[in-house]
Amino acid sequence: MPPFNPLYMTTMEEYHSGSESSFHSEEADNIVKECIEGVVGNDDYSQSLVNKWTAGIVERCLTQLVKQGKPYKYIVTCAVMQKTGAGLHTANSCYWDTTMDGSSTVRWENRTMYCVVSVFAVAIA
């Protein structure tokens with residue numbers, strides 16, 4: 001058995017309870033908005049580009065979230081819809097540890113389309 005190391009215990013405490021490792025939806029919102037604008041930019045809706053946009057948005061979001069180095073598994077979803085006057089309703093529900101896990105949903109739009117991106121962050125135990 002290794003010797004008792006109080007420094008290790010402090011580090012583990014900080015790892016689990018420190019604000020550095022907790023999920024902040026505001027940070028995720030900002031990352032998602034930057035990713036959407038980086039992929040879609042000022043483009044008008046184009047059916048032929050939707051697959052490229054959605055793949056690019058989720059990949060870029062996932063890359064930026066992982067770069068933060070926080071102990072989470074991430075799930076990112078993206079929907080792009082042309083503005084035609086039709087309704088769009090989304091919902092999600094999670095059964096998890098609300099003290100550590102979190103989610104964020106961003107609704108972004110320009111004059112021709114809507115983009116809805118959801119991020120789910122599940123803490124690695």
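Two strands are said to pair if DSSP finds at least two bridges between them, and strands (E, at least two residues) and helices (H or I, at least four residues) are DSSP runs, numbered from the N terminus. The structure is a predicted model, in which local features need pLDDT of at least 70 and side-chain atom pairs count only at pLDDT 80 or more, while totals for chains, interfaces and linings use all residues. Residues are numbered from 1 along each chain as its sequence is written, and side-chain values use heavy atoms, with hydrogens and water left out.

**Exercise 1. The sheet**

Work out in what order the three strands lie in the open sheet, and which strands stand at its edges.

*Solution.* Begin with β2 and β3, which form a hairpin with three residues between them and pair in the antiparallel sense over eight bridges. Within this pairing, Thr 105 has Ser 118 of β3 as its bridge partner. Next, take β1 and β3, which also pair in the antiparallel sense, over 11 bridges; here the bridge partner of Thr 77 in β3 is Ser 118. The order is therefore β1-β3-β2. β1 and β2 each have a single partner strand and stand at the edges, so one side of each is left without a neighbour in the sheet. From one strand to the next, the twist averages 10°.

**Exercise 2. The sides of α3**

Find which residues of α3 are buried, and explain why they lie on the same side of the helix.

*Solution.* First check the length of the helix: the expected span is 1.5 Å times one less than the number of residues, so the 18 residues of α3 should span 26 Å, and this agrees with its end C-alpha atoms, which are 26 Å apart. Then list the buried residues (under 20% relative accessible area, with exposed meaning over 50% and partly exposed in between, for a 1.4 Å probe and protein chains only); in α3 these are Val 50, Trp 53, Thr 54, Ile 57, Cys 61 and Leu 65. They cover an arc of only 95° around the axis, taken from the directions from the helix axis to the C-beta atoms, which puts them on the same side of α3. An α-helix has 3.6 residues a turn, so residues three or four places apart point the same way. On the face turned away from the buried side, α3 carries the exposed residues Asn 51, Lys 52, Glu 59, Val 66 and Lys 67. Finally, what covers the buried residues of α3 includes α2, β1 and β3.

**Exercise 3. The core**

Identify which residues have the most contacts inside the largest nonpolar core, and which element gives the most to this core.

*Solution.* A nonpolar core is a set of buried Ala, Val, Leu, Ile, Met, Phe, Trp, Tyr and Cys residues joined through side-chain atoms within 4.5 Å. The largest one has 25 residues, and those with the most contacts inside it are Ile 36 and Val 117. The elements that give two or more residues to this core are α2, α3, β1, β2 and β3, and α2 gives the most, with six residues. For contacts in general (heavy atoms within 4.5 Å), residues up to four places away in sequence are not counted, and Val 117 then touches, among others, Val 32, Ile 36, Ile 57, Cys 61, Val 76 and Val 106.

Key:
Axes fitted to C-alpha atoms, helices over the stretch in contact; angles between N-to-C directions.
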